[in-house]
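Student: I should like a close look at a single part of this structure, set in the context of the whole chain. Please take one strand and describe its surroundings in a connected account.

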Amino acid sequence: MNKLPLQIRVQILTMLCEGSSMRSISRITGVSINTVSKLLVDAGLACAAFHDKAVRRITSRAIQCDEIWSFSYAKQKNVKFAKAAPEAAGDVWTWTAIDADSKLIVSWHVGDRSQYTGTSFMGDLKARLANRVQLTTDGHKAYLKAVAEVDFDADYAMLNKIFAATSAGPGRYSPAACIGTIKETIKGHPDPDCISTSFVERQNLTMRMSMRRFTRLTNAFSKKFENHCHALALYFVFYNFCRVHKTLGATPAMASGLIDRVMKMTDVVALIDAANPVPAVRGSYKKGVAAQISN
């Protein structure tokens with residue numbers, strides 16, 4: 001079985017996490033686009049399993065949650081006009097939960113923006129925490145039922161933003177200006193000074209800058225929902241374990257006590273190799289069987 005050299009695989013994975021498109025990676029590294037895609041799938045599966053196992057029993061003071069929009073194959077409004085659109089085509093929302101102190105992405109979930117997806121997200125977040133936290137979300141109503149349904153033990157508050165009543169003219173893309181916020185206590189006794197979503201919103205910007213498929217107004221969007229999820233799984237392991245946070249001087253995983261060193265992309269390649277062991281050579285297998293029979 002042919003395998004790319006370690007240096008090339010590290011380069012491809014690093015470029016995937018630093019804003020390069022798959023076709024640009026193919027051109028720069030001199031490998032086929034199918035090879036890049038295959039490596040992304042392998043990395044996504046290995047990284048999702050690693051995050052699920054490693055990010056557990058997190059001790060946190062405050063958790064912030066938010067959702068970030070993207071789409072697969074076509075925007076939701078254009079799916080009905082798209083040719084041979086797959087079942088998962090349309091808007092895709094990534095729900096993220098960040099620890100305000102360590103900047104660790106504790107939980108993430110991909111789906112729509114419904115209350116059902118919110119419940120799955122909150123259930124996963126709850127299972128990864130070791131103590132009662134202060135939880136802050138935006139004003140999305142799905143959070144209300146989601147927190148109640150999973151019986152989330154938290155001091156919970158919502159941060160509702162007030163936007164200027166300006167009409168969106170032709171060619172306008174950015175949302176209306178935020179002119180204020182309202183802090184609303186939902187459950188428990190949250191500290192008003194800690195009711196914020198600034199860190200998670202800043203992390204969402206980092207996501208847009210770090211993954212080409214999240215870049216607006218380009219044709220680099222995800223063509224397959226599954227690849228979208230694989231790219232996210234790779235990114236979150238890179239963000240949590242490999243990327244040194246400037247204000248922390250360490251990775252979020254180090255700041256939260258999950259690990260005592262900065263992981264390298266070679267470690268991610270090792271995760272892939274561990275999940276996909278190279279099969280034994282057929283000729284050696286036959287030779288071994290023959291030796292057993294002769295004995």
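Tutor: The account below begins with the chain as a whole, turns to strand 5, and then considers other parts of the fold.

The model is predicted. The protein chain contains ten helices and six strands. Its C-alpha trace spans about 80 × 45 × 35 Å along the principal axes. Of the 295 residues in the protein chain, 45% are buried. The accessible surface amounts to about 15700 Å², and carbon and sulfur atoms contribute 55% of that area. Among contacts in the protein chain with a separation of 6 or more, 61% are between residues 24 or more positions apart.

Strand 5 covers residues 154–163 and is mostly covered, with seven of its ten residues buried. Two strands pair with strand 5, and they do so in opposite senses. Strand 4, residues 133–138, is joined to strand 5 by six bridges in the parallel sense. Within this pairing, Tyr 156 of strand 5 stands opposite Leu 135. The connection between these parallel strands involves helix 5, residues 142–149, and strand 4, helix 5 and strand 5 together make a right-handed β-α-β unit. Strand 6, residues 178–187, runs antiparallel to strand 5, and eight bridges join the two. Here Met 158 has Glu 184 of strand 6 as its bridge partner.

Aromatic side chains offer a second view of how the fold is held in register with itself in the model, beginning with a search of the whole structure that finds eight aromatic pairs. One of the pairs is formed by Phe 71 and Phe 221, which are tilted at 35 degrees between the planes and lie 4.7 Å apart, centre to centre. Phe 71 belongs to strand 1 (residues 62–72), whereas Phe 221 lies in the loop between helix 6 (198–210) and helix 7 (225–242), so the pair ties together parts that are 150 residues apart in sequence. Phe 71 is buried, its relative accessible area being 12%. Phe 221 also counts as buried, at 19% relative accessibility, because that value falls under the 20% limit. Elsewhere, ring pairs link Trp 108, Tyr 235, Phe 236 and Tyr 239 into a cluster.

Two charged side chains also lie over ring faces. Lys 103 is positioned over the face of Phe 199, 4.3 Å from the ring centre. Arg 113 lies over the face of Trp 93, and its distance from the ring centre is 4.7 Å.

Helix 1, residues 6–16, has as its buried residues Arg 9, Val 10, Ile 12, Leu 13, Met 15 and Leu 16. In an α-helix there are 3.6 residues a turn, so residues three or four places apart point the same way. The buried residues of helix 1 pack against helix 2 (22–29), helix 3 (33–54), helix 6, helix 7 and helix 9 (265–275).

Finally, Thr 117 is placed in helix 4, which comprises residues 115–128. Thr 117 counts as buried, at 6% relative accessibility. Apart from neighbours within four places in sequence, Thr 117 is in contact with Trp 95, His 109, Gly 111 and Asp 112. By contrast, Ser 102 is 15 residues from Thr 117 along the chain, and their C-alpha atoms are separated by 26 Å.

Key. Residues numbered from 1 in each chain as written. Predicted model: local features only at pLDDT ≥ 70, side-chain atom pairs only at ≥ 80, totals over all residues. Heavy atoms only, no water. Buried < 20%, exposed > 50% of the residue type's maximum accessible area, 1.4 Å probe, protein only. Helix = DSSP H or I, 4+ residues; strand = E, 2+ residues; numbered from the N terminus. Pairing = 2+ DSSP bridges. Right-handed = clockwise from strand over helix to strand, strands pointing away. Phe/Tyr/Trp six-rings, centres within 6.5 Å; stacked < 30°, edge-to-face > 60°. Lys NZ or Arg CZ within 6 Å of the ring centre and 35° of its normal. Contact = heavy atoms within 4.5 Å. Areas by Shrake-Rupley, 256 points an atom, 1.4 Å probe, with all protein chains shown as cover.
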